[in-house]
Amino acid sequence: MSDQRRATVSMALGVVGAVALYGISFGAVSVAAGLDVWQTQVLSLFMFSGGSQFALIGLIAAGAPGPTAILAAGLLGVRNGLYSIRTAPIVGRGFWKRLVAGQWTIDESTAVALAQPTPELSRLGFWLTGAGIYLGWNAMTLVGALVGDQLGDVRSFGLDAAAAAAFLGLLWPRIQSREPIIIAVVAAVVAVVAIPTLPIGIPVVVAAAIGVVMYFVQHRGRA
Amino acid sequence: MTLWTTILIGSVVVAATKFVGFVLPARFTESPTVQHISDAVTVALLAALVVIQTVGAGAAIFVDARLAAVVVAGVLLWRKVPFILVIIAAAAVAALIRMLGWMA
């Protein structure tokens with residue numbers, strides 16, 4: 001194996017290991033939110049996008065209506081659609097290949113694929129990361145859901161705080177310049193005001209609208 | 001809406017979104033405006049979810065061990081500590097504080 005190839009494999013496996021562990025937390029928090037093991041597993045198999053999954057179960061746990069939970073999960077999944085613009089050319093032709101590649105188009109597989117120096121290594125990085133995370137995330141979701149059922153209160157293990165930290169971890173790489181930091185701060189402040197004043201679930205919808213408004217405020221007269 | 005309906009519709013919506021780049025014409029999907037608005041919405045949503053998950057308790061604000069855990073997570077992220085260690089540290093901080101009975 002060439003050094004470059006080894007570097008690609010090592011990057012992919014590192015990412016896979018980290019995400020798989022985080023899957024345990026999803027499984028446990030999901031059963032604590034009131035979903036059964038099957039419902040939890042369906043989310044990891046078919047929704048397969050950590051941020052959207054945590055948003056959906058978080059809002060369900062908070063008592064939000066179904067459509068609000070779906071809307072928040074869907075809006076958080078929009079970035080995957082943008083990633084797919086980058087991953088589609090890497091994958092190439094073939095219906096089944098593209099079907100699987102689409103489902104495996106997430107933060108990590110896209111990031112690893114785009115970090116590679118050649119198209120061939122991009123392809124390797126994408127498939128290795130996508131396959132590894134899909135298997136690892138689903139296996140660990142099941143472990144978390146089964147263990148979580150036995151644990152009782154996930155709060156005593158700090159898993160509710162882990163979910164909050166996970167959202168912060170997903171947000172962090174996106175707030176490395178002034179404009180997104182301002183958007184994040186405005187959305188956070190609005191959320192604090194909105195939580196006790198608006199119906200459950202509506203604060204995230206308001207936050208999404210804040211994002212659109214902030215885009216136009218920040219790009220006023222520049223387009 | 002039953003819980004199963006929410007789960008299935010949510011899954012279809014999120015999964016279908018991943019195929020945008022495989023089916024839509026590039027001139028729409030590669031538009032900088034579309035990409036920038038999507039980035040802005042994602043940042044705003046994630047920021048709101050951090051707040052809701054950290055101090056939300058149904059339709060009320062409730063400060064407890066989660067806040068301390070998220071502050072620790074922020075410091076670790078700033079120090080470029082790997083994602084998975086940040087998550088574990090946050091859980092450990094909240095678990096420890098609750099074990100000691102400092103915050104609810």
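Student: What makes two residues of chain A and chain B count as a contact?

Tutor: Two residues are in contact if their C-beta atoms, placed from the backbone, lie within 7 Å. Keep in mind that this is a predicted model. By that cut-off, the contact takes in 82 residues from chain A and 63 residues from chain B.

Student: Which elements make up the side of chain B that touches chain A?

Tutor: Helices H1 (3-17), H2 (20-23), H4 (32-55), H5 (65-78) and H6 (83-100) of chain B, along with strand E2 (60-61), each supply at least two residues. The most comes from H4(B), with 19 residues.

Student: How do you know what classes of residue are on that side of chain B?

Tutor: Ala, Val, Leu and Ile are among those that count as nonpolar, while Asp, Glu, Lys and Arg count as charged. Sorted this way, the side of chain B that touches chain A has 43 nonpolar, 16 polar and 4 charged residues.

Student: Let's look at one helix pair across the chains. How do H9(A) and H6(B) pack?

Tutor: Helix H9 (residues 159-171) of chain A and H6(B) have axes 8 Å apart, at an angle of about 145°. Their crossing is right-handed.

Student: Which residues make that contact, and what classes do they belong to?

Tutor: H9(A) brings A:Leu159, A:Ala161, A:Ala162, A:Ala165, A:Ala166 and A:Gly169. From H6(B) come B:Phe83, B:Val86, B:Ile87, B:Ala90, B:Ala91, B:Val93 and B:Ala94. They divide into 12 nonpolar, 1 polar and no charged. Gly counts as polar, so A:Gly169 is the polar residue here.

Student: And within chain A, how do H5(A) and H6(A) cross?

Tutor: Helix H5 (residues 78-91) and helix H6 (residues 95-103) of chain A cross at roughly 145°, and their axes come within 10 Å. This crossing is right-handed. A:Ser84, A:Thr87 and A:Val91 of H5(A) meet A:Lys97, A:Arg98, A:Ala101 and A:Gly102 of H6(A).

Student: What makes 2 of the residues in the contact of H5(A) with H6(A) charged?

Tutor: Lys and Arg count as charged, so A:Lys97 and A:Arg98 fill that class. The others in this contact are 2 nonpolar and 3 polar.

Student: Where do the domains of chain A lie, and how do they touch?

Tutor: The domain assignment gives domain 1 (3-173) and domain 2 (175-223). Their centres, over C-alpha atoms, are separated by 24 Å. Domain 1 puts 13 residues into the contact and domain 2 puts in 9 residues. On the domain 1 side, H4(A) gives the most, with 5 residues. That side has 11 nonpolar, 2 polar and no charged residues.

Methods
Residues are numbered from 1 along each chain as its sequence is written. Chains are lettered from A and ligands numbered from 1 in the order in which they are written. This is a predicted model: local features need pLDDT of at least 70, side-chain atom pairs count only at pLDDT 80 or more; totals for chains, interfaces and linings use all residues. Helices (H or I, at least four residues) and strands (E, at least two) are DSSP runs, numbered from the N terminus. Axes are lines fitted to C-alpha atoms, for helices over the stretch in contact, and angles run from 0 to 180 degrees between N-to-C directions. A crossing is left-handed if the near helix is turned anticlockwise from the far one by less than a right angle, and right-handed if clockwise. Domain bounds come from an automatic or database domain assignment.
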